[in-house]
Amino acid sequence: MIQKTGKRLEYVASGCIRSPDAELPMRIRHILEGLGEIIARHQPQQVALEEVFVNVNPKSTLLLGQARGAAICAVVTHNLPLAEYTALQIKQAVVGTGHARKEQVQDMVKRLLKLEGDPSPDAADALACAICHAHGGLGLGRLSTRGYRMKRGRLV
């Protein structure tokens, strides 16, 4: 989670919801309730998520999609606007190239948010998504994007 004041970005919080070793419905419930608690505690104004990419393992892709579904439900239950970005768009916005390595994303997140240490890879990915959204993303701040389209991770 980050906060944007003018053009300045500030780190608020990051973490990972670890689901218990249980049946899938209970794990999905844990994600839904955990995100609901985080939203209630921090009261964000907007949410950005990374879109699912098709993995070589269809089972993993399906499970990731179900976890994202729980995240989306938590967001819409709290009536928050939701934006979604591809990994390419996020890396392009944060690092300057859509094919950046994880270490490059971590380093740029650390620099942009003035963090003392390197964020974990998962935290860096989530914070990079938030940075992408804060730097304009699909909404260009609060300007309308009607009539524009995405081309190579950029609004044209």
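**A guided look at strands, helices and two loops**

Visitor: Along strand S3 (residues 47–50), which side chains are buried?
Guide: Strands here are DSSP runs of E with at least two residues and helices are runs of H or I with at least four, numbered from the N terminus. The side chains of S3 alternate between two faces. Ala48 and Glu50 point to one face and are not buried, where buried means under 20% relative accessible area, exposed over 50% and partly exposed in between, with a 1.4 Å probe and protein chains only. Pointing to the other face, and buried, are Val47 and Leu49.

Visitor: Before we go on, what pLDDT do local features need?
Guide: Residues are numbered from 1 along each chain as its sequence is written, and side-chain values use heavy atoms, with hydrogens and water left out. This is a predicted model, so to speak with limits attached: totals for chains, interfaces and linings use all residues, side-chain atom pairs count only at pLDDT 80 or more, and local features need pLDDT of at least 70.

Visitor: How many bridges link S3 and strand S4 (residues 82–85)?
Guide: Two strands pair if DSSP finds at least two bridges between them. Val47 has Leu82 of S4 as its bridge partner, and Leu49 stands opposite Glu84. S3 and S4 pair in the parallel sense, and the number of bridges is four.

Visitor: Which residues form the covered face of S4?
Guide: S4 has two faces, one covered and one uncovered. Leu82 and Glu84 belong to the uncovered face. The covered face has Ala83 and Tyr85.

Visitor: What hand does the β-α-β unit of S3, H2 and S4 have?
Guide: The test is to point the strands away from the viewer and follow the path from the first strand over the helix to the second; a clockwise path is right-handed. For S3, H2 and S4, the unit is right-handed.

Visitor: At roughly what angle do the axes of helix H1 (residues 24–42) and helix H2 (residues 58–77) cross?
Guide: Axes are lines fitted to C-alpha atoms, for helices over the stretch in contact, and angles run from 0 to 180 degrees between N-to-C directions. The axes of H1 and H2 come within 8 Å and cross at roughly 35°.

Visitor: How many nonpolar residues does the contact of H1 with H2 have?
Guide: Contact means heavy atoms within 4.5 Å, and residues making this one include Ile28, Leu35 and Gly36 of H1 and Leu63, Ala70 and Cys73 of H2. Ala, Val, Leu, Ile, Met, Phe, Trp, Tyr, Cys and Pro count as nonpolar, Asp, Glu, Lys and Arg as charged, and the others, Gly among them, as polar. The contact of H1 with H2 has no charged residues, two polar ones, and a nonpolar count of 13.

Visitor: Why does Arg68 count as buried?
Guide: Arg68 lies in helix H2. Leaving aside neighbours within four places in sequence, Arg68 is in contact with Leu49, Glu50, Glu51, Val52 and Glu84. Arg68 counts as buried because its relative accessibility is 15%.

Visitor: Is Asn79 buried or exposed?
Guide: Asn79 lies in the loop between H2 and S4, and its phi is near 55°, a positive value in a residue other than glycine. Most residues other than glycine have a negative phi. At 70% relative accessibility, Asn79 counts as exposed.

Visitor: What is the relative accessibility of Gln43?
Guide: Gln43 lies in the loop between H1 and S3. Gln43 has a positive phi of about 45° although it is not a glycine. Gln43 counts as exposed because its relative accessibility is 63%.
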